[in-house]
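Visitor: Hello! Could you show me around this structure and help me understand a few of its parts?

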Amino acid sequence: MNFAQRLSTLFVSIIAGLLLVSSTGSAQAKDSAPAPSRAATAPATLPEPLTKEAIRELTSRLSDAEVRNLLISQLDRAAVKPEADGDMTDMVGAMDKGSSRLRERAARVLGAGGRVPQAIAHVVARLTDERGMFHLLEIALGLLAMVLVGWLLEKSFRRSMQGPLGRFSHTIGTGFRDQACRLGLRVVLEAVALVLFYAGAIGLFFAVYQGHQATRIVAFTVLAAVVIVRAVVITSRVLLAPREPTVRLLPFDDAAAQRLHTSVVCLAVLWVAALATFIVFDALGVEPVVVDFLRVGLGTLILLSLIAAVWQIRAPIARLIRGDDRGPVLRIIADLWAPIATLYFLGVYVARMNDVLMGTEGPSDAAILSILLIIGLPIADMILCRALSAAVGPSEGAEQARPSILASYESVLRRAIHIVVAVAGFLLLAELWQLDLFGIARRSFGGQITSSLLGIAIVLLIAYMLWEIVNTAIGRRMKAETPVGEVTPSSRLRTLLPLFRMTLLITIFVMATLSILAALGVDILPLLAGASVVGIAIGFGSQALVRDIVTGAFFLVDDAFRLGEYIEVGSTKGRIEKLTARSVFLRHHRGQLNVLPYGEIRQLKNNSRDWIIMKLEFRVTYDTDLNLVKKIMKKIGAELSADPELGQALLEPLKSQGVYATEDSALVIRAKFKAKPGPMVYMIRRVAFDKVLKAFKENNIKFAHRQVTVLVPSSADEAQAAKAAAGAAAFISEPPKPGAA
């Protein structure tokens, strides 16, 4: 059946459902009436859909000539090329045939409800096989004995394991690893117990089996149903643990866990019972139309139970979906998951009923397995993420100063888990629904791209993971290095790591691009050769750019400056705020941002490297006691060194250097101290000046003022006195400069 026929069939199934009630009586009358002879009225046609039963039913009522004519007509149709409007014609014809067949089949299936007691009597007759009704009691007692033997064997195993499990529970801790170990052991024990139950029951059956086929079918089906239900119950208890909140894997409260567990178990019992009924009735020769009637009835009951369970547990599931994230997407999904699930189940039900009424086999298992897969993927993702968190260890309160390497890559590994789980789920869903993704992509994108999709996906995934690992490693190392601050410049590695990260990003991007082109069949050798030629042309045409880059590389290799350091380049000075491949950005202490290409730097002065010596000058009178000045400087130096804030920046205390120079009216005394580079130096200088001024005042040490002594003869007239005063004023306004040190 092609796509047009499937589409028309689904469309007709919806319309025919509305017309089913009015057409039931006429359809039953048509079934009871004798079929007219079609050989003389119209040529035979193939039924739609073409199944084995339909072929046998058609050939049984046709003559050899009619079969030969039908074969010739079909071969002629296959040999004729369809016209442009053939798709529309086929769709209309398929809709007409599908509508007729659907109404006919629906009437037959619904009309078979009255034959259900006869079908049950037929099953009973097959089971008794002329042995009397007492044989049914024997079968029931045999099934009960099988279950009892299996239960006793399972009970003996559980009792034998109580002692070792008790001792193990006392020695195991409460961490995630210990809980995972306990959970894994519990799952293994439950699986072993279930296997022993099945082995004991089936062993008893083979021990007393006498070769009755109908009894064997019923025994195997009932035993398989019990095992499936018990497996579902065990899985639900492991995940939900309705009575043990401490070992519950899913984050539900007690009431929600109990409600969800009850819904899962009830649905499992109902579904397994219906499936077992279909299997037994089919195997014992019940009419297919009666089995289809049971499928419709039990399927409707399962649908109603499923929808009721969805709306009963919608609130806890919505809270689980929403979680801590209040994003709009999660809120919408959490609010609409119940209506979406209801529509999905209704769609599956309509599709399945269409298959039943049309007598075709649809992907009934794919719908159920898809739901289980959608439920299981988030659980698997959550368990893997919890295992990763447990392997990383606690992030707070750890004794170690630095996080472990695994903790640094936790976010990367968590994203990798999300990607792997999502991709695996997508591929499994496509496999369940038998979707040829590569075939669809080949028709949409072309064969060359489709054949390379897997390689391209692998390249992109590797490039992404490689970049995440590199970025995380560099970020972790940058956090361990000295941070860039106003006081302390960064380390050399902290300065180079951002440039190294950008270089790696460009390298990974270029390599990934070339790999994708190679996967698409593009010859990348001419691209590499062209890139080399373009690089040479850029090198000749942009010599200043190349000079800046090369010069900057040598500056960084020589460790001439780092981020956060204060440098002077000619008349430009400031703190290094940013470094690029071509320029350095200097922030002046008044706020201006200066951008200097590396090639423009001929000589620079680094004021933030290792240490700095600050010198202080004082002018005192000639009668000053120099020994007293020396003692004062020493005392102030000791006070500065003892200061808890200033003393940390001092490398050598303040001390006097004695008389540095003599002037006409003053002695120039110099003092110095050695400190670490940074703003604290100027704080120390300001405090030192303040202390010296106070100490000099307390010890009556006077600062020298500039003065000029003018000797005027007593016989000079007023003109000469004015001239001498003018010369003295000019001397005072422009004093001579002292000699260099």
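Guide: Gladly! Please keep in mind that this is a predicted model. A good place to start is the pair of helices α11 (residues 254-283) and α12 (residues 288-312), whose axes come within 10 Å.

Visitor: How do α11 and α12 run relative to each other, roughly parallel or roughly antiparallel?
Guide: Their axes cross at roughly 175 degrees. Angles over 145 degrees count as roughly antiparallel. Therefore α11 and α12 are roughly antiparallel.

Visitor: How many nonpolar residues does the contact of α11 with α12 have?
Guide: On the α11 side, the contact includes Leu267, Trp271 and Phe281, while α12 brings residues including Leu294, Leu298 and Ile302. By class there are 4 polar and 3 charged residues, and the number of nonpolar residues is 13.

Visitor: Which helix gives the most residues to the largest nonpolar core?
Guide: That core has 61 residues, and Phe252, Phe281 and Trp337 touch the most other members. Phe281 also touches Ala119, Ile120 and Val123, among others. With 10 residues, the helix that gives the most to this core is α10 (residues 213-240).

Visitor: Is His588 buried or exposed?
Guide: His588 sits in the loop between β3 (583-587) and β4 (593-597). Beyond its neighbours within four places in sequence, His588 is in contact with Lys573, Gly574 and Asn594. Its relative accessibility is 13%, and because residues under 20% count as buried, His588 is buried.

Visitor: Which residue's backbone nitrogen lies 3.1 Å from a polar side-chain atom of His588?
Guide: Here we look at the side chain of His588, in the loop between β3 and β4. The backbone nitrogen 3.1 Å from a polar atom of that side chain belongs to Arg590.

Key
Residues numbered from 1 in each chain as written. Predicted model: local features only at pLDDT ≥ 70, side-chain atom pairs only at ≥ 80, totals over all residues. Heavy atoms only, no water. Axes fitted to C-alpha atoms, helices over the stretch in contact; angles between N-to-C directions. Helix = DSSP H or I, 4+ residues; strand = E, 2+ residues; numbered from the N terminus. Parallel < 35°, antiparallel > 145°, perpendicular 65-115°, else oblique. Contact = heavy atoms within 4.5 Å. Nonpolar A, V, L, I, M, F, W, Y, C, P; charged D, E, K, R; others polar. Core = buried A, V, L, I, M, F, W, Y, C linked by side-chain atoms within 4.5 Å. Buried < 20%, exposed > 50% of the residue type's maximum accessible area, 1.4 Å probe, protein only. Polar contact = N/O pair within 3.5 Å; in protein donor to acceptor, adjacent residues only side chain to side chain.
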